[in-house]
Amino acid sequence: MRELILLRHAEADAHGKEGKDDRERKLTEHGRNEARAAGQWLSEHKISYDRVLCSPAERTRETAALALGQVEPVYEDTIYDATVGDLYDLLDKQGDAERVVLVGHNPGIEQLVAFLVEGRSEDYRGMPPAGMARLAFTGKLEPGKATLETFWSPPN
């Protein structure tokens with residue numbers, strides 16, 4: 001893998017809807033606009049990818065559908081509620097892909113950015129809904145060895 005794009009799901013309905021499983025939360029209208037903006041940014045910058053890994057939660061599925069149209073996502077249960085170690089293990093198995101997009105949730109996504117770029121994984125707040133971190137690798141996937149090429153977040 002030469003490049004990794006980490007995309008947090010866009011704004012979703014609030015927690016606590018009676019009888020609803022957290023995995024069923026849908027994007028808000030604002031969230032749908034955020035996801036479209038992420039897709040537009042990728043398109044404008046002519047960023048391609050050959051694999052999309054996505055949490056099976058409804059909000060990540062919607063984000064992927066609105067932002068990423070080039071490649072059909074592979075839905076991975078391990079991305080939902082994943083630790084940095086879970087995400088790292090999943091990415092470590094993607095060596096046959098040049099450019100991978102991972103669509104997931106905080107805190108795992110933002111902690112993974114810190115782990116891959118800085119080599120640390122403690123709580124790291126800074127990945128807003130529909131935020132993207134584009135990381136480049138010159139060698140194999142290792143903690144602290146990625147370069148943060150771009151950090152993008154949707155306009156308010």
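How many bridges join strand 5 to strand 6 (residues 147–152), and do the two run parallel or antiparallel? The legends below, which describe a predicted model, begin with this pairing.

**Figure 1. Pairing of strand 5 with strand 6.** Strand 5 and strand 6 (residues 147–152) are joined by five bridges and run antiparallel. Within this pair, A136 stands opposite T147 of strand 6.

**Figure 2. Strand 5 beside strand 1, and its burial.** Strand 1 (residues 3–8) is also joined to strand 5 by five bridges, and the two run antiparallel. One position to inspect is L6, whose bridge partner in strand 5 is A133. Strand 5 comprises residues 132–136, and four of these five residues are buried, so the strand is largely enclosed by the rest of the structure.

**Figure 3. Strand 4 and its parallel neighbours, strand 1 and strand 2.** Strand 4 covers residues 99–104 and is mostly covered, with five of its six residues buried. Six bridges connect strand 4 with strand 1, and these two strands run parallel. In this pairing, R8 has G104 of strand 4 as its bridge partner. Strand 2 (residues 51–54) likewise runs parallel to strand 4, and four bridges join the two. Here R51 stands opposite V100 in strand 4.

**Figure 4. Surroundings of H9.** H9 is located in the loop between strand 1 and helix 1 (29–44). Is H9 buried or exposed? The relative accessibility of H9 is 7%, and because buried means under 20%, H9 counts as buried. Leaving aside residues up to four places away in sequence, H9 touches R59, T60, T63, G104, H105, P129 and A130. With R59, the side chain of H9 makes a polar contact through the side chain of that residue, at 3.3 Å. Another residue touched by H9 is G104, which is the bridge partner of R8 in strand 4.

**Figure 5. The largest pocket and its lining.** The largest pocket holds about 220 Å³ of space. Its lining consists of 14 residues, and those nearest the pocket centre are R59, D81, H105, N106 and P107. By residue class, the lining of the largest pocket divides into four nonpolar, five polar and five charged residues. R59 and H105, which lie among the residues nearest the centre of the pocket, are also among the residues that H9 touches. The view can therefore be read together with that of H9, whose side chain makes a polar contact with the side chain of R59 and which counts as buried at 7% relative accessibility.

Note on methods. Residues numbered from 1 in each chain as written. Predicted model: local features only at pLDDT ≥ 70, side-chain atom pairs only at ≥ 80, totals over all residues. Heavy atoms only, no water. Buried < 20%, exposed > 50% of the residue type's maximum accessible area, 1.4 Å probe, protein only. Pairing = 2+ DSSP bridges. Polar contact = N/O pair within 3.5 Å; in protein donor to acceptor, adjacent residues only side chain to side chain. Contact = heavy atoms within 4.5 Å. 1 Å grid on protein atoms, 1.4 Å probe; cavity = no way out; pocket = protein on both sides within 12 Å on 5 of 7 lines; lining within 4 Å. Points joined across faces, edges and corners; volume = space filled by probe spheres on them. Nonpolar A, V, L, I, M, F, W, Y, C, P; charged D, E, K, R; others polar.
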